[in-house]
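User: I would like to go through a protein structure step by step. Could you take my questions as they come?
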Amino acid sequence: MYIVVLTTHMSCAALSITFFALRGVWMLQARGILHHPLVKVLPHVIDTILLLSALTLTVLIGQYPFINGWLTAKFFALIGYIILGTIALKRGRTRRIRALAFGCAMLLFGYIVSVALFHDPRGILLVAW
């Protein structure tokens, strides 16, 4: 069961960032496709499955945020990613603010992935030092 849940989680993470990146590019290009119902609903479906698989994984591996440092780092980085993502795609007042938030959200997602890979809150910085 662990492999199935992990594969689901990683697949949804890949779909989530791919779709976020695509929507970010469309936002920067001011494309009308952002208002298509599928573009508005699909990310929520993917992210819900991603969250449910994450919660299942925490139970399966017996490691939890606020107990294990790497999961705590992922949790807070995820909150930052969500905030930056909403600024990038909806709440940013100017295209420049949206672009900056989009770039920062992408970097934060990379950090989240690196923390997951290394099981360490330093993520990719663990290798850099």
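User: Is Asp120 buried or exposed?
Analyst: This is a predicted model, and in it Asp120 has a relative accessibility of 13%. Asp120 therefore counts as buried, because the cut-off for that class is under 20%.

User: Which residue forms a salt bridge with Asp120?
Analyst: The partner is Arg122. The closest N and O atoms of the two residues are 2.9 Å apart, and a salt bridge requires a distance within 4 Å.

User: Why would two such side chains pair?
Analyst: Side chains of opposite charge can pair when their charged atoms come close.

User: And what class of exposure does Arg122 have?
Analyst: Arg122 is partly exposed, with a relative accessibility of 46%. The salt bridge thus joins Arg122 to Asp120, of which Asp120 is buried.

User: How many salt bridges are there by this rule?
Analyst: The count comes to one salt bridge.

User: New topic: pockets. What volume does the largest pocket have?
Analyst: The volume of the largest pocket is about 1,500 Å³.

User: Which residues are closest to its centre?
Analyst: They are Ser16, Asp47, Leu50, Leu78 and Tyr81, out of 49 residues that line the largest pocket.

User: Which elements give two or more residues to that lining?
Analyst: Four helices do so: H1 (2–28), H2 (37–61), H3 (69–91) and H4 (95–118). The largest share, 14 residues, is supplied by H2.

User: How does the lining divide by class?
Analyst: The lining of the largest pocket has 33 nonpolar residues, nine polar residues and seven charged residues.

User: Now the rings. How many aromatic pairs are there?
Analyst: By the rule applied, the count is six aromatic pairs. One of them is formed by Phe66 and Phe75, with 5.2 Å from centre to centre and 65° between the planes. That pair is edge-to-face.

User: Why are both a distance and an angle given?
Analyst: A pair of aromatic rings is described by the distance of the centres and the angle of the planes.

User: What about Phe66 and Phe76?
Analyst: The ring centres of Phe66 and Phe76 are 5.8 Å apart and the planes stand at 80°, so this pair is edge-to-face as well. The pair links distant parts of the chain, with Phe66 in the loop between H2 and H3 and Phe76 in helix H3, 10 residues apart.

User: Are these rings buried or exposed?
Analyst: Phe66 is exposed, at 55% relative accessibility, whereas Phe75 is partly exposed, at 32%.

User: Which rings form a cluster?
Analyst: Phe20, Tyr81, Phe102 and Phe109 are linked into a cluster by ring pairs. Tyr81 was also named among the residues closest to the centre of the largest pocket.

User: Back to Phe66. What is its phi?
Analyst: Phe66 has a positive phi of about 70°, although it is not a glycine. Ala30 also has a positive value, with phi near 55°.

User: Where does Ala30 lie, and is it buried or exposed?
Analyst: Ala30 lies in the loop between H1 and H2. With a relative accessible area of 52%, Ala30 is exposed.

User: How many disulfides does the structure hold?
Analyst: The structure holds zero disulfides. As for cysteines, Cys12 is buried, with a relative accessible area of 8%. Cys104 is partly exposed, at 34% relative accessibility.

User: One last topic: distances along the chain and in space. What separates Ile79 and Leu57?
Analyst: Ile79 and Leu57 are 22 residues apart along the chain, and their C-alpha atoms are separated by 19 Å. Ile79 belongs to helix H3 and is partly exposed, with a relative accessible area of 36%.

User: How far apart are Val127 and Val115?
Analyst: Val127 and Val115 are 12 residues apart in sequence, and from C-alpha to C-alpha they are 11 Å apart in space. Val127 is found in helix H5, residues 125–128. The relative accessible area of Val127 is 55%, so Val127 is exposed.

How values were computed:
Residues numbered from 1 in each chain as written. Heavy atoms only, no water. Salt bridge = Lys/Arg side-chain N within 4 Å of Asp/Glu carboxyl O. Buried < 20%, exposed > 50% of the residue type's maximum accessible area, 1.4 Å probe, protein only. 1 Å grid on protein atoms, 1.4 Å probe; cavity = no way out; pocket = protein on both sides within 12 Å on 5 of 7 lines; lining within 4 Å. Points joined across faces, edges and corners; volume = space filled by probe spheres on them. Nonpolar A, V, L, I, M, F, W, Y, C, P; charged D, E, K, R; others polar. Phe/Tyr/Trp six-rings, centres within 6.5 Å; stacked < 30°, edge-to-face > 60°. Disulfide = S-S within 2.5 Å.
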